[in-house]
Amino acid sequence: MDYKKRPIPMGCIIAKDILPVGCCMGVRTAKGDISTPVSEDTVVIIGEDGSVRILNLDRLNKSFRIYKDWRFTVKQTDYVPKFKNKDTETIVDGMAHARVCIPVEEDFSRAFVLKHKVKLFKNKDDSSYISGRPGDIMVLPNDDRNEAYMISKTEFEKTHIAKGEEENRKKAVVFDLDGTLLYTLEDLKNATNYALKQNGMPERTLDEVRRFVGNGVKLLMERAVPQGADNPKFEKTFSDFKEYYEAHCNDNTAPYDGIMELLKELKLNGIKLAIVSNKLDPAVKELNQLYFKEYMTSAVGEMEEEGIRKKPAPDMVQKALKELQVSADEAIYVGDSDVDIATAKNSGLECVSVTWGFRDVEFLKEHGATNLIDEPVELLNYV
């Protein structure tokens with residue numbers, strides 16, 4: 001059967017960046033040792049499982065999209081490839097130079113399951129080979145059979161899709177905003193404390209505000225104001241917060257590392273994108289215009305006065321899906337909180353929880369998180 005690579009992140013290292021041209025590079029992997037001379041165009045490709053392929057620059061540029069500022073780390077194995085100058089027996093930290101590359105090949109490959117242990121030799125060097133075990137997959141690119149490689153069945157199923165099954169992929173991603181796409185905590189804290197100070201109330205720490213966010217700014221202020229909504233000064237304090245935040249919502253706010261690269265890659269793969277946030281709708285639309293307007297089809301903020309309930313009710317997500325023109329089973333939801341997990345469940349979407357936001361891993365797991373990612377690039381595994 002013919003297969004095509006999915007846009008799963010891999011790593012690439014330009015060999016001359018870590019070793020001198022002309023030396024012999026040794027790469028130790030979980031499946032065997034590879035030896036190859038370092039030329040001007042030698043490239044090392046690394047899979048999430050630590051598997052290694054040797055390519056040249058022409059093949060790299062034809063088959064992958066490279067992100068030079070996006071670091072790659074091996075996530076799916078305890079064994080990370082080791083690099084050595086075999087002429088001097090010097091160990092080098094090759095992984096420090098690994099950058100993300102995304103497969104973009106249009107050519108299909110043949111694949112078959114190994115029934116016996118196999119050694120795949122490269123460069124006509126009897127000491128340089130990759131071993132395959134029974135059950136592993138041998139992949140033979142149709143456009144160049146000399147680029148054959150072997151990977152585990154698990155890795156193959158993650159990274160390849162059978163011809164004719166491309167339509168089964170997800171078509172859209174709905175993102176939470178605060179703590180997922182943008183670091184906004186500092187500006188939320190400053191607006192909260194401005195309003196509290198204006199009304200003679202004690203200010204709150206950054207960690208307190210972190211715990212207060214997630215259910216919309218009104219509930220944030222109910223938690224921040226002594227006696228909450230029962231405080232006679234609550235409405236005035238809330239109004240001061242909204243006025244200040246609208247003017248200062250971007251003072252210290254910025255996308256998390258890797259977010260802009262992720263959005264670019266999703267768009268290039270035809271994935272439709274939306275934001276759904278319990279932040280006030282004008283602020284959501286302003287921040288979307290500042291950072292994400294070339295990527296987002298829809299940006300929905302809190303607008304309960306229009307009869308659209310805020311998260312975790314499904315209303316806002318349903319509005320976004322309608323604007324994206326996709327169904328719930330064609331989209332995934334990405335967020336950083338328990339509110340986001342509940343929102344995805346109530347909306348009928350698969351949920352991916354990020355660990356770089358306002359809640360820690362244990363908290364997310366306690367509230368039902370099953371798909372967790374530590375870096376934005378890992379989201380590509382879910383689309």
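What follows is a walk through a predicted model, from the whole chain down to a hairpin, a helix and a few backbone oddities.

Start with the chain as a whole. Its secondary structure adds up to 11 helices and 24 strands. Measured out along the principal axes, the C-alpha atoms take up a box of roughly 80 × 45 × 35 Å. The chain has 383 residues, and 53% of them count as buried. As for how the chain meets itself, take the contacts with a separation of 6 or more: 66% of these come from residues 24 or more positions apart. The accessible surface amounts to about 17600 Å², and carbon and sulfur atoms hold 47% of that.

Among the strands, S5 (residues 42–46) and S6 (residues 52–56) make a hairpin worth a look. The two run antiparallel and are joined by 5 bridges. Across the pair, Val43 of the chain sits opposite Leu55 in S6. Between the strands of this hairpin lie 5 residues, and Gly50 takes a positive phi there, near 85°.

Next comes helix H6, which covers residues 234–248, 15 residues in total. From first C-alpha to last, H6 reaches 21 Å, close to the 21 Å expected at 1.5 Å a residue. Its buried residues are Phe234, Thr237, Phe238, Asp240, Phe241 and Tyr245. These residues lie on the same side of H6, because the arc they cover around the axis is only 160°. The general geometry helps here: an α-helix has 3.6 residues a turn, so residues three or four places apart point the same way. On the other side of H6, the exposed residues are Glu235, Glu243, Glu246 and Ala247. And what covers the buried side? The cover for the buried residues of H6 includes three helices, H3 (185–198), H5 (217–224) and H8 (281–292), along with strand S20 (272–280).

One residue of that helix deserves its own paragraph. Asp240 is found in H6, and its relative accessible area is 10%, so Asp240 counts as buried. Setting aside neighbours within four places in sequence, Asp240 is in contact with Tyr194, Ala195, Gln198 and Asn199.The backbone has a few unusual spots too. Most residues other than glycine have a negative phi, and most peptide bonds are trans. Gln227 has a positive phi, near 70°, though it is a residue other than glycine. Gln227 is placed in the loop between H5 and H6, and its relative accessibility is 60%, so Gln227 counts as exposed. Gln325 is not a glycine either, yet its phi is positive at about 65°. This residue, Gln325, is found in the loop between H9 and strand S22 (331–335). With a relative accessible area of 67%, Gln325 is exposed.

Lastly, there is a cis peptide bond from Lys311 to Pro312, with omega near 15°. Pro312 has its place in the loop between strand S21 (298–302) and helix H9 (315–324).

Notes: Residues numbered from 1 in each chain as written. Predicted model: local features only at pLDDT ≥ 70, side-chain atom pairs only at ≥ 80, totals over all residues. Heavy atoms only, no water. Pairing = 2+ DSSP bridges. Helix = DSSP H or I, 4+ residues; strand = E, 2+ residues; numbered from the N terminus. Expected span 1.5 Å × (residues − 1). Buried < 20%, exposed > 50% of the residue type's maximum accessible area, 1.4 Å probe, protein only. Arc of directions from axis to C-beta. Contact = heavy atoms within 4.5 Å. Areas by Shrake-Rupley, 256 points an atom, 1.4 Å probe, with all protein chains shown as cover.
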